[in-house]
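User: I'm new to this one and would like a close look at a single part. Could you pick a helix, walk me through what it packs against, and then move outward from there?

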Amino acid sequence: MSVSRLTAKPSPAGSPAANPQRRRWLAGAAGASVLTLVDPLVRAGAWAAGSDAPEQPEVRIGFIPLTDCASVVMASVMGFDKKHGVKIVPSKEASWASVRDKLANGELDMAHVLYGLVYGLHLGVGGPKKDMAVLMSLNQNGQGITLSSKLLAAGARDGESLAKVMAKEKRDYTFAQTFPTGTHAMWLYYWLASYGIDPFRDARAITVPPPQMVANMRVGNMDGFCVGEPWGARAIMDKIGFTACTTQQVWTDHPEKVLGTTSDFVQRNPNTARAVTAAILEAGKWIDASPENRRKTAETIAARAYVNTEAQGIVDRMLGRYEDGAGKKWDDAHAMRFYGDGEASFPYLSDGMWFLTQHKRWGLMKEHPDYLAVARQVNRIDLYKQAAAAAGAALPSSETRKSTLIDGVVWDGSNPVAYADGFKIKAA
């Protein structure tokens, strides 16, 4: 069936095509391939047969004050939400534990949330078991591992030199992450282990909410931390630490935050879930479209209602302009991105599976799950494709992808059991 034949038929009153939002969806899909257009219609079932109006016109979305909340905020500020028939109400939260609890009990409809937190909650790891859904990836890249100025003075500049300092100066070392099953914990542990440092036997791992990282390092509570921006840049501005490694150096174009919700919410409100995803997709496209848009985004999210810091602490790293606080400056080709021609926003099955392999590696799960089955349950690629059509967003050619991480090990999702069991440093 051609696109023109599909859209040219007269629409009876009350049909989906007669609905103004539906007409906008079809118009946005007209430039897509026939497969991209028809597949969401087939998958949508009741949506294709009835009204696509959002069941819930106002959606409360939790966020943590980090740079990568930007597409959620800008979808609201720029009116992309209204374009798709919903109102996004951003809700600033104090910690990832708070986000977890409020998602689970329904105080939040959705959240800007750590990828691994959603998977942990789905399996009952790091919180009570609750069927969850990932609607889209919000961003790739843009986190960082910060070490203290004290370690820099001792000769630690990167992972290799840190391992030498720790071997020479025997003492208690403490490194902080933001949530036990979250992305920052996994980047930190992976990076340390890549240089022969066991994050649990050779050091102590603690959990600290992102906005509290810098204050805790200032008073000497940790030797290093992994967190999202702008808190790595803030540590440099305050002259208490330096960037030892960006997370894109651990895994180029790695998955980071996602738009998460409960499976129950999606079941009750599929049209709402699709509309919100489409709005945030459009916001991500807009942010990535130009340096000017990124500057405007930095200025917007720097406000007290959102990240509550100076815009200068956000904009440079959003533009890929890095300095590490130890004398090195560079333009990063893999800075934080929110759309990336559809690559950054697509909820790849292999991305979700990777976090499960690391949960197993570090003893958060005792047994191997059915990795692919869990990823298919959580990552709602069906709804994402519908939202992508509504937003005019590109789709990748595959639902999985292949990457080589900092230790040279390749991850493609093909054999997650062997991958998880194959690391030299892991939980006993």
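Analyst: Let's start with alanine 279, which sits in helix H16. Keep in mind that this is a predicted model. Is alanine 279 buried or exposed? With a relative accessible area of 0%, alanine 279 is buried, since anything under 20% counts that way. Setting aside neighbours within four places in sequence, alanine 279 is in contact with Ala75, Phe80, Asp81 and His84. Methionine 78 is worth finding too: alanine 279 and methionine 78 are 201 residues apart in sequence, yet their C-alpha atoms are 9.9 Å apart in space.

One of those contacts, Ala75, takes us to a helix pair. Ala75 is among the H5 residues that meet H16, together with Ala70, Ser71, Val72 and Met74. On the H16 side, the residues they meet are Ala279, Ile280, Ala283, Gly284, Trp286 and Ile287. Two packed helices are described by the angle and the distance between their axes. Here, the axes of H5 (residues 70–77) and H16 come within 8 Å and cross at roughly 100°. That crossing angle makes H5 roughly perpendicular to H16.

Now look at another residue of the helix, threonine 277, which lies in H16 (residues 270–288). Threonine 277 counts as buried, at 1% relative accessibility. What does its side chain find there? A polar atom of the threonine 277 side chain lies 2.7 Å from the backbone oxygen of alanine 273. Leaving out residues up to four places away in sequence, threonine 277 touches Leu135, Met136, Leu259, Tyr384 and Ala387.

Moving outward, try helix H13 (residues 231–237), where you'll find arginine 234. Arginine 234 counts as buried, with 15% relative accessibility. Its side chain makes a polar contact with the side chain of aspartate 238, at 2.8 Å. Arginine 234 also touches Val214, Thr309 and Glu310, not counting residues up to four places away in sequence.

The backbone around H13 has a couple of things to spot. Most residues other than glycine have a negative phi, and most peptide bonds are trans. The peptide bond from glutamate 229 to proline 230, though, is cis, with omega near 15°. Proline 230 belongs to the loop between strand E8 (224–228) and H13. In the loop between H13 and strand E9 (241–246) comes lysine 239, whose phi is positive, near 60°. Lysine 239 is exposed, with a relative accessible area of 70%. Aspartate 253 has a positive phi as well, of about 60°. This aspartate is in the loop between helix H14 (247–250) and strand E10 (257–262), and at 15% relative accessibility aspartate 253 counts as buried.

Finally, the rings. The structure holds 19 aromatic pairs. One of them is tyrosine 189 with tryptophan 362, an edge-to-face pair with 5.7 Å between centres and 70° between the planes. Tyrosine 189 lies in helix H11 (residues 183–194) and tryptophan 362 in the loop between H19 (349–361) and H20 (371–378), so this pair ties together parts that are 173 residues apart in sequence. Tyrosine 189 is buried at 4% relative accessibility, and tryptophan 362 is buried at 7%.

Ring pairs also link a cluster that includes Tyr115, Trp187, Trp354 and Phe423. Arginine 361 lies over the face of phenylalanine 423, at 3.8 Å from the ring centre. Elsewhere, lysine 328 lies over the face of tryptophan 330, at 5.1 Å from the ring centre.

Definitions and conventions. Residues numbered from 1 in each chain as written. Predicted model: local features only at pLDDT ≥ 70, side-chain atom pairs only at ≥ 80, totals over all residues. Heavy atoms only, no water. Phe/Tyr/Trp six-rings, centres within 6.5 Å; stacked < 30°, edge-to-face > 60°. Helix = DSSP H or I, 4+ residues; strand = E, 2+ residues; numbered from the N terminus. Buried < 20%, exposed > 50% of the residue type's maximum accessible area, 1.4 Å probe, protein only. Lys NZ or Arg CZ within 6 Å of the ring centre and 35° of its normal. Polar contact = N/O pair within 3.5 Å; in protein donor to acceptor, adjacent residues only side chain to side chain. Contact = heavy atoms within 4.5 Å. Axes fitted to C-alpha atoms, helices over the stretch in contact; angles between N-to-C directions. Parallel < 35°, antiparallel > 145°, perpendicular 65-115°, else oblique.
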